[in-house]
Amino acid sequence: MSGALVQGVAADGFVDRHIGTTPPEQRAMLDLLGHDSVESLVRAAVPDAISALPLPSSVLPEPVGEQEALAELRTLASRNRVNRSMIGLGYYGTVTPSVIQRNVLENPSWYTAYTPYQPEISQGRLEALINFQTMVSELTGLTTANASMLDESTAVVEGMLLARRASKSASNRFVVDADALPQTKALLAGRARAVGIELVEVSLAAAEPASLPESFGVFVQYPGASGRVWDPAPVVDAVHAVGGLAVVAADLLALTLLTAPGEFGADVAVGTSQRFGVPMGFGGPHAGYMAVRTGLERQLPGRLVGVSQDAVGNPAYRLSLQTREQHIRREKATSNICTAQVLLAVMASMYAVYHGPWGLTHIARRTHQHATDLAAGAQAAGLALAADVFFDTVALAVPGRAHEIVAAAHERGYLLHAPDADTVSVAVDETTTREDLEAVGDLLGFAVPTGSTSPIPAGLERTSDFLTHPVFRTHRSETSMMRYLKHLADKDYALDRGMIPLGSCTMKLNAATEMAAVTWPEFAGIHPFAPAADVEGYLELIGQLEGWLAEVTGYDTVSLQPNAGSQGELAGLLAIRGYHLSRGDEARTVCLIPESAHGTNAASAVLAGLRVVVVACDAQGNVDLGDLRAKVASHADELAALMVTYPSTHGVYEHDIRDITDAVHDAGGQVYVDGANLNALLGYARFGEFGGDVSHLNLHKTFCIPHGGGGPGVGPVAAKAHLAPFLPGHPLAQQADRRTGAVQEAGERLAHAGVPVSAAPYGSPSILPISWAYVRMMGTRGLTDATGAAVLAANYVAARLREHYPVLYAGEGGLVAHECILDLRPLREATGVTVDDVAKRLIDYGFHAPTMSFPVAGTLMVEPTESEDLAELDRFVEAMIAIRAEADRVGAGEWAADESPLRGAPHTAESVIAGEWTAAYTREEAVYPVRSLVRSKYWPPVRRIDQAYGDRNLFCACPPVEAFA
Ligand SMILES: *Cc1c(COP(=O)(O)O)cnc(C)c1O
């Protein structure tokens with residue numbers, strides 16, 4: 001099928017395979033809408049203030065086909081060198097069990113799922129996440145763990161902020177362990193400064209606890225960056241005595257052998273689960289974790305899975321305390337985390353399921369034995385150790401020779417770390433072999449003995465049990481493991497079953513070719529602080545992708561460091577703040593945010609040290625220009641920024657966007673354009689050309705990184721040149737000249753020297769090949785076509801459903817952007833049928849519900865994306881029409897709302913076969929409301945879940961097996 005009828009064709013037809021609707025289908029859809037072409041539809045939908053013309057195709061290189069893209073990726077990969085990393089510092093070699101790689105990481109049932117906001121269709125991933133929480137909570141010895149954090153260093157920052165909220169101390173000071181990871185120190189410094197916290201660095205292992213400075217909390221690295229293992233109990237007691245909290249970053253593998261943080265009194269434990277089977281990937285993605293003691297669970301940031309029950313009393317999982325999520329808390333938010341690291345948390349939890357407590361302990365013992373032997377060899381040769389007690393990292397005194405030794409090791413294929421000119425540190429891990437130890441000993445001039453005695457004193461040895469739940473002790477054989485993963489995946493609805501029409505989330509195709517390179521060892525096996533010479537391919541790929549993203553957004557510079565949209569927002573706002581401060585504009589601290597904004601916007605502003613002032617929206621969903629002008633005028637001298645989403649979260653293109661950005665600039669403010677909805681604009685218009693100074697994009701929305709059940713994500717921040725110096729820098733970034741060969745006229749990269757927002761210099765690089773491949777195979781025309789197809793699909797759905805459900809906030813000509821909001825409030829008034837009923841009934845029809853009650857309560861926001869074909873769009877439209885007809889039967893008095901299939905939804909198989917059927921509707925109406933379901937049916941494993949029950953009875957660990965009897 002040629003794409004010529006509507007627009008261009010890519011080399012081998014990838015564009016046509018990415019876009020679901022064929023040219024004849026698009027023709028039929030356009031006819032319904034009364035437009036001649038996709039281009040004329042888009043131009044009618046987008047206001048004149050933005051000239052919505054397809055970008056010239058020279059903006060990006062000519063696209064290539066799938067095989068060529070893979071070949072180019074292979075060439076880039078071949079320019080990375082996978083040396084044996086012994087750098088440590090929070091990143092370790094690990095073996096991803098093949099059964100997990102194949103059945104989770106490479107399985108679309110796991111990676112294409114959405115965040116489990118609809119718990120009835122998410123029981124599989126919710127179970128995997130509660131396994132993660134149980135694993136973290138038991139290893140750390142604390143009662144409640146979340147799932148998950150973005151990485152260890154940002155988790156430490158969240159721990160600091162939690163300590164400040166929960167502390168009884170009036171102090172503004174936070175004490176930081178001098179032996180903290182260098183990247184964590186850098187993040188803490190930047191983030192503390194932004195919110196006015198004073199940091200004091202202390203060598204805690206050597207400190208006299210009684211003489212610690214007064215503080216609201218203390219941060220301990222356990223074991224330390226130097227490898228040191230010591231007893232933090234006295235320090236923890238000392239901070240408790242002054243009303244402060246103890247935040248401990250702990251290595252999960254070490255905790256199988258060492259006393260748990262909860263056992264020495266820590267209030268909060270944080271860290272990473274990377275070494276539980278998740279490749280280093282040049283820095284990410286990996287799941288960070290946070291666990292808290294009893295009494296602090298309601299302070300936890302991020303998502304928390306809990307146990308509740310369904311409508312017939314069966315246990316069922318759900319996200320607990322969802323009202324704490326930031327879209328509710330807005331400017332009172334305490335954390336801006338939205339997208340987390342679900343897929344990686346699932347992998348880490350399955351690593352624990354696979355190995356069980358004995359397997360993990362065995363890996364830890366072997367690792368520790370290697371380190372112990374290395375240390376013994378060094379000591380016998382007269383080399384002094386920086387710390388006598390350690391777990392896996394041995395720091396050796398080599399006066400004046402450290403850099404020379406690191407260089408010699410690199411020659412031989414080993415990466416060691418030199419914290420200073422006189423010290424070399426060697427970190428061993430699950431993958432370290434005896435040959436590796438001998439090679440390192442050889443380099444340092446000593447022989448490595450075997451069977452040396454562990455230096456860990458009895459008082460620090462772990463004696464408590466962990467991973468006691470049967471799930472961690474059952475799946476010993478690969479057959480059992482494979483079936484457990486399949487059993488969980490079968491409970492869930494992901495993109496491999498059907499459409500996920502979630503407004504504001506852009507659940508589009510994640511093509512197999514785009515995914516291919518993620519697990520290649522040349523991308524997966526690289527330490528984030530590897531020398532620049534080892535990562536030329538990565539730096540080239542990153543430089544190209546940054547260049548392409550700059551081109552399509554009309555900005556001058558891009559940073560791929562932020563690990564989610566929320567982190568891109570924070571980075572962009574910190575850049576704005578840094579810019580104002582550099583000009584002596586200290587008073588500019590007000591951030592204007594329209595009331596329709598995504599909740600992360602206000603939360604990020606608060607975390608950047610800005611004051612949120614809310615701007616009203618008018619009845620059409622546009623920013624109220626009068627109110628905006630009034631707020632700009634009354635805050636003119638303190639105006640830092642306006643944060644505006646384009647197109648708006650209401651799914652419309654603001655027609656006044658230029659007046660809005662001009663008004664802010666005239667008052668000396670900067671304009672932040674939230675670009676998470678770029679799928680409505682990509683290839684047609686560029687933020688940088690209509691007034692944006694800085695934006696974030698979501699590569700896990702517009703640029704095909706799969707949602708992973710709630711992460712990973714990448715939230716690049718793109719900006720005009722004047723903000724470049726304030727974009728995220730990193731103290732350990734590889735310094736290489738990353739000339740972008742692929743983008744014409746691209747110059748040298750503008751230097752970024754602002755506050756880092758991720759632990760790793762390039763955030764989550766191992767998933768960047770996905771977006772790279774997407775852009776490489778689409779080219780400018782392909783991206784433009786995709787946008788057109790997305791806008792066409794949304795308008796088609798809106799037009800077909802309009803007579804059944806009012807469409808809110810359509811712009812001029814009744815057109816929407818790439819999503820549409822269906823107003824269910826009139827239906828509720830007329831029939832009592834709620835937005836929840838419709839969402840749950842869609843499950844019976846074989847659909848994932850659209851976004852519920854955001855940005856407007858009582859509505860559904862539908863975003864079909866360009867990847868669905870017309871048959872699937874029609875199947876959805878027809879399901880919605882059939883549901884409307886059911887609601888009308890309720891309205892006509894045929895069924896009471898409570899006795900209707902809408903309220904009974906979703907229906908399990910058991911519900912229609914068990915016992916006598918007493919419902920007011922038939923079994924067929926319950927589960928086969930349309931005939932096509934007979935041949936292809938998704939069966940939810942539970943009935944509707946009671947949200948309130950789970951919050952009243954908060955329980956966030958694996959329930960006993962008997963609960964499911
Ligand atoms: C998704 C989204 C965000 C947040 O992105 P995360 O990656 O989940 O942090 C911010 N703004 C808008 C408009 C979004 O749709």
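In the predicted model, a polar side-chain atom of Ser504 is placed 2.7 Å from an oxygen atom of the ligand. Thr339 likewise approaches an oxygen atom of the ligand, with an N or O atom of the Thr339 side chain at a distance of 2.6 Å. A nitrogen atom of the ligand is addressed by Asp674, a polar side-chain atom of which lies 2.6 Å away. The ligand on its own has 380 Å² of accessible area, and 98% of this area is covered by the protein.

The shell around the ligand comprises 15 residues, of which Thr339, Gly565, Asp674, His700 and Lys701 come nearest. Thr339 and Asp674 thus appear both among these nearest residues and in the polar pairs described above, Thr339 with an oxygen atom of the ligand and Asp674 with a nitrogen atom. By class, nine residues of the shell are polar, three are charged and three are nonpolar. Helix α20, which spans residues 565-582, gives the most to the shell, contributing three residues.

The domain assignment of the protein chain gives two domains, with domain 1 covering residues 115-351 and domain 2 covering residues 548-772. Taken over C-alpha atoms, the centres of domain 1 and domain 2 are separated by 27 Å. At the interface, 39 residues of domain 1 are in contact with 44 residues of domain 2. About 3,100 Å² of area is buried between domain 1 and domain 2, and carbon and sulfur atoms give 63% of it.

Several features of the backbone were also examined. Most peptide bonds are trans, and most residues other than glycine have a negative phi. A cis peptide bond is nevertheless modelled between Ala147 and Ser148, with omega at about 15°. Ser148 is located in the loop that runs between strand β2 (144-145) and helix α8 (152-166). Another cis peptide bond joins Ala905 to Pro906, and here omega is about -5°. The loop between helices α28 (901-904) and α29 (909-913) contains Pro906. Leu89, although not a glycine, adopts a positive phi of about 55°. The position of Leu89 is in the loop between strand β1 (84-85) and helix α5 (98-105).

Conventions: Residues are numbered from 1 along each chain as its sequence is written. This is a predicted model: local features need pLDDT of at least 70, side-chain atom pairs count only at pLDDT 80 or more; totals for chains, interfaces and linings use all residues. Side-chain values use heavy atoms; hydrogens and water are left out. A residue is near a molecule or strand if one of its heavy atoms lies within 4 Å of it. A polar contact is a pair of N or O atoms within 3.5 Å; within protein, one must be able to donate a hydrogen and the other to accept it, and residues adjacent in sequence count only if both atoms are side-chain atoms. Accessible areas come from the Shrake-Rupley method with a 1.4 Å probe; for residues, only the protein chains shown count as cover. Helices (H or I, at least four residues) and strands (E, at least two) are DSSP runs, numbered from the N terminus. Ala, Val, Leu, Ile, Met, Phe, Trp, Tyr, Cys and Pro count as nonpolar, Asp, Glu, Lys and Arg as charged, and the others, Gly among them, as polar. Domain bounds come from an automatic or database domain assignment. Contact means heavy atoms within 4.5 Å. Buried area is the accessible area (1.4 Å probe) that two parts lose on being put together, summed over both.
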